[in-house]
Amino acid sequence: MKSSISTKRQGMWGWLLQRSTAVLLLFALGSHLWALHLAEQGRKIDFQKVSQRLQSPFFQVLDIILIGLVLYHGIYGLRGILFDLVSRPGTRSVITWGLTLLGLAAFLLAIGTILVFLGG
């Protein structure tokens, strides 16, 4: 059985990462919105335009980071909401593993989508 201190430290790191991703999302999402919408005002956004933008390693890395941040932040937030409703440790473990697998699957799907734009 885990000690109370160990469990609290795990919760602290998750909480800290949740807050850190929120701050990082402000910068990453701001960069994404600027590059995609503000800098390209009036231009139609289509598959060709997105594919062209994703040829840049900068935008590849930015989009992958943005996807990772959004998924972690959202899934950890959903986990927190579900934990408010469930108190049994076994059920919480199932929730944590299920959401982790869901997050990994969504991340891999998003990477696959980026590869489509790259012609891979």
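**Close-up views of a predicted model**

**View 1. Ile114, a buried residue of helix H4.** Ile114 has a relative accessible area of 9%, so this residue counts as buried. The model shown here, as in every view below, is predicted. Ile114 sits in helix H4, which covers residues 89–118. Which residues does Ile114 touch, leaving out those up to four places away in sequence? They are Leu54, Asp63, Ile64 and Ile67. Gln60 makes a useful pair with Ile114: 54 residues separate the two in sequence. In space, their C-alpha atoms are 7.9 Å apart.

**View 2. Helix H4 from end to end.** What span should the 30 residues of H4 have, at 1.5 Å a residue? The expected value is 44 Å. The C-alpha atoms at the two ends of H4 are 43 Å apart, so the model agrees with the expected span. After H4 comes Gly119. The phi angle of Gly119 is positive, near 80°.

**View 3. The buried side of the story in H4.** Ile114 is one of the buried residues of H4. The others are Ile95, Leu99, Gly103, Ala110 and Phe117. Which helices do the buried residues of H4 pack against? They pack against H2 and H3.

**View 4. Arg53, a charged-residue close-up in helix H2.** Arg53 belongs to helix H2, residues 47–53. Is Arg53 buried or exposed? The cut-off for buried is under 20% relative accessible area. Arg53 has 14% relative accessibility, so Arg53 counts as buried. Setting aside neighbours within four places in sequence, Arg53 is in contact with His32, Leu36, Phe59 and Asp63. With Asp63, the link is also polar: the two side chains make a polar contact at 3.4 Å.

**View 5. The largest nonpolar core.** Seven residues make up this core. They are Leu25, Ala28, Ala35, Phe59, Leu62, Leu66 and Leu69. Two elements give two or more residues each: helix H1 (4–38) and helix H3 (57–85). H3 gives the most, with four residues. In soluble globular proteins, nonpolar side chains tend to be buried together.

**View 6. Ala28 and its partners.** Ala28 is one of the seven core residues. Which residues does Ala28 touch, not counting those up to four places away in sequence? Ala28 touches Leu62, Leu66 and Leu69. These three leucines are also listed in the core.

Notes. Residues are numbered from 1 along each chain as its sequence is written. This is a predicted model: local features need pLDDT of at least 70, side-chain atom pairs count only at pLDDT 80 or more; totals for chains, interfaces and linings use all residues. Side-chain values use heavy atoms; hydrogens and water are left out. A nonpolar core is a set of buried Ala, Val, Leu, Ile, Met, Phe, Trp, Tyr and Cys residues joined through side-chain atoms within 4.5 Å. Buried means under 20% relative accessible area, exposed over 50%, partly exposed in between (1.4 Å probe, protein chains only). Contact means heavy atoms within 4.5 Å. A polar contact is a pair of N or O atoms within 3.5 Å; within protein, one must be able to donate a hydrogen and the other to accept it, and residues adjacent in sequence count only if both atoms are side-chain atoms. The expected span of a helix is 1.5 Å times one less than its number of residues.
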